[in-house]
Amino acid sequence: MNSSTTSADLGFLVDEGPRRGLMAWLTSTDHKRIGILYLWSMLAFFMVGVGVGVLMRLVQLDTFHHLVTARTYNALFTVHGVIMIFLFVVPGLPAVFGNFFLPILIGAKDVAFPRLNLASWYFYIAGAILALLSLFTGGGAPDTGWTFYAPFSLQTGTNVTLAVFAAFILGFSSMLTGINFITTIHRLRAPGMSWFRMPLFCWSLYSTSWIQILATPVLAITLILVMLERIFGIGIFDPTKGGDPLLYQHLFWIYSHPAVYIMILPAMGAISEIMPTFSRKPIFGYTAIAFSSMSIAGVGSLVWAHHMFTSGMSEFANMVFSLLTMIVAIPSAIKVFNWVSTLYKGSIDVQPPLFYALTFIFLFCIGGLTGVMQGALSINVHVHDTYFIVGHFHYVMFGGTGFAFFAALLYWFPKMFGRMYSKKLIIAAWFPLFVGFNMLYFGMLVLGMQGMPRRYFEHLPMFHAGHQVVTVGSWLLALGLVIYLVALIWAARKGPRAEGNPWGGVTLEWTLPSPPIKENFEEIPVIDHGPYEFRKGGHHG
Amino acid sequence: MVEHRDDFGSKLGMWLFLVTEILLFGGLFIAYSYMRARYPVEFHHAGAELNATLGVTNTFILLTSSLSMALGIVAMQRGQELWSRILVGCTVLLGLVFLCIKGIEWAAKFHHGLYPDSARILTLPQGERIFFGLYFSMTGLHGLHVIAGMGVLSVMLVMMLRGRIHPGQYTLLENGGLYWHLVDVIWIFLLPLFYLAA
């Protein structure tokens, strides 16, 4: 173990080679630098998305209702969705922590295709720029919602074509990352790093990468068809020309439901790293967690039409998809039980990463269980297109993936930047985050049950009180986010130097100095036991 | 820095990329099957408008180009670099012939007023409109892939001339060949679905 780093030595963060400063970063093929490029760009887009979200909540208060028009409101929820989905949660953990830690966790010097990896980041940025351009050019910001449902997306005068093209480019970035990770895991594991000695985060990245490869092309072609339809009028989704909008919904959700698992699986993987480290004991049910990742990827690809129970499919199709939806809850529950069992009789050390990871489990359970509710046909018909769906979705995506992202960032931050953040400030940020989150989204669940439809600019007086609670919650949540980010940004620049292994972790990244050097390992390690064997010192050896 | 080289890894990456390409067209094949099941008679009538002779000719051309590609790689493996360059060059030229025939075919369709949203198309029954919509989308996207493939192989040619690809290191050429074969295979499915639908 090497924890004695001098303050002059900042590993890969120090520029090498002819270029300095920003250019050295923009041309680097070091997986760690690319991970950090993704981190900062992603957090920037995330905060834009948060800003739009807070504005959407604000106009539901009487005082601020006239801040925007109903048309702008439509644009706001579309933009919020496009930014959060395509620029934050989908690339999310794989692009940041996958890039940074996958090679380190399997004992490699870099990913299989380092230049392709940098190209993926440029695709991501190009897609992001096009998405932002689509807001201000053409007929104005798209107003279809992030799902671009036909036939409205074919008819609206807003700039859907460009926005859809942006999503296509972003899909490209995601697909190339998937190809890169699968090849890396197959080809670059260190000697002795067998499949079942890989840390679980790698398993989750592996299953995620397969979904990225298998599902994203279907979205790509669907979006191409929307563009062709808008430019040339080929008619496939247009009912007036003999096309079928339901076909659009099928093709869209064949990607976009598995995409939900692209978002959540790496989050679950990160939690599976954090739980054993802070319980000081091996993860409970390693194989079960590894295989549940793969089975979520498999079964999760067969449940897409549960988004369409009210779209006019046959009763039989509805029942089949309802059943499959219930089945996908099983591997997810396996993971939750395993995390909790890992804590059992562990020597628990409640540090900020664990604190946020436990919050993830709590919020994800609410999100998961409300998901099972909607898998039931009778409830689904009642709550479809209400705030209940919005609440559920945010519990999974924000409470789940978002909080796992925060937990993973807290866990790996000292390794990535070689500096430690203020634990007090991070815990202080947790209170407004947690309270605000639940006011906001549990409030939405309740409003939805009462019948408040989603995406409405106006609401009936009976929903007044609920909307006020929800909006105040959004302020608290935003406050928590600001404290959290300020604490980390400050720490990245000025924080006290972190040790090589501040948490007592036993996977390979903790054998390296903080931050790691370029190409990670002086010498490729040889692995002779599993990843979480604390008694043997794990991969520490 | 030591040059890291993993030929198996780069081929694995290429195969994974081909999977995404197949799935990209897969979405279109789903759309085609669904629409054909919905409008069987109209697809039959509309298919009769296509020129099967040109379609079959193009199939032969593309298959021949795949052959010359495969032979080009064999030549490279055997160290016959000149032959390899000639054969890969032939592949690119055959791709060009394919595109020309495709262009003649499309031009004839446009001449008869058959293109998406044209006045004539809008008078046709709905199923026939959808047939032509799919025809232009699928052969068009395939055509773009042919152009991309020709671009890739031209880059390979330049790299061969500059000695970057040689009998000791030709994985890139094999990957380019894989891509070209994929373009070929997709066409083999497009032929019966459109030209032989009648």
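Me: What are the helix and strand counts in chain A?
Reply: Chain A has 16 helices and zero strands. Both are DSSP runs numbered from the N terminus: helices are H or I with at least four residues, strands are E with at least two. This is a predicted model, where local features need pLDDT of at least 70, side-chain atom pairs count only at pLDDT 80 or more, and totals for chains, interfaces and linings use all residues. Residues are numbered from 1 along each chain as its sequence is written, while chains are lettered from A and ligands numbered from 1 in the order in which they are written.

Me: Why call chain A as compact as a globular protein of its length?
Reply: Its radius of gyration is 23 Å, close to the 24 Å from the globule rule for 541 residues, so chain A is as compact as a globular protein of that length. The radius is taken over C-alpha atoms, and the rule is 2.2 Å times the number of residues to the power 0.38.

Me: How much of chain A is buried?
Reply: Buried residues are 56% of the 541. Buried means 20 or more other C-beta atoms within 10 Å of the residue's own; exposed means 12 or fewer, and partly exposed is in between, with C-beta atoms placed from the backbone.

Me: New topic. Where does α14(A) bend?
Reply: At Tyr411(A), by about 45 degrees. Pro414(A), a proline, follows within four residues. The bend is the angle between axes fitted to the seven residues ending there and the seven starting there.

Me: And how many of the residues of α14(A) are buried?
Reply: 31 of its 31 residues. Just after α14(A), Gly418(A) has a positive phi of about 70 degrees.

Me: Now chain B. How many residues does each chain give to the contact?
Reply: Chain A gives 28 residues and chain B gives 26 residues. Two residues are in contact if their C-beta atoms, placed from the backbone, lie within 7 Å.

Me: Which element gives chain A's side its largest share?
Reply: α8(A), with 11 residues.

Me: What about confidence in chain A?
Reply: Mean pLDDT is 93, and 97% of the residues reach 70 or more. pLDDT is the predictor's confidence in each residue, from 0 to 100.

Me: Which helices have the lowest and highest mean pLDDT?
Reply: Among the elements of chain A, α1 (residues 21–26) is lowest at 89, and α15 (residues 423–450) is highest at 97.

Me: Where does pLDDT stay under 50?
Reply: Over residues 1–8 of chain A. Where pLDDT is low, the predicted coordinates should not be read in detail.
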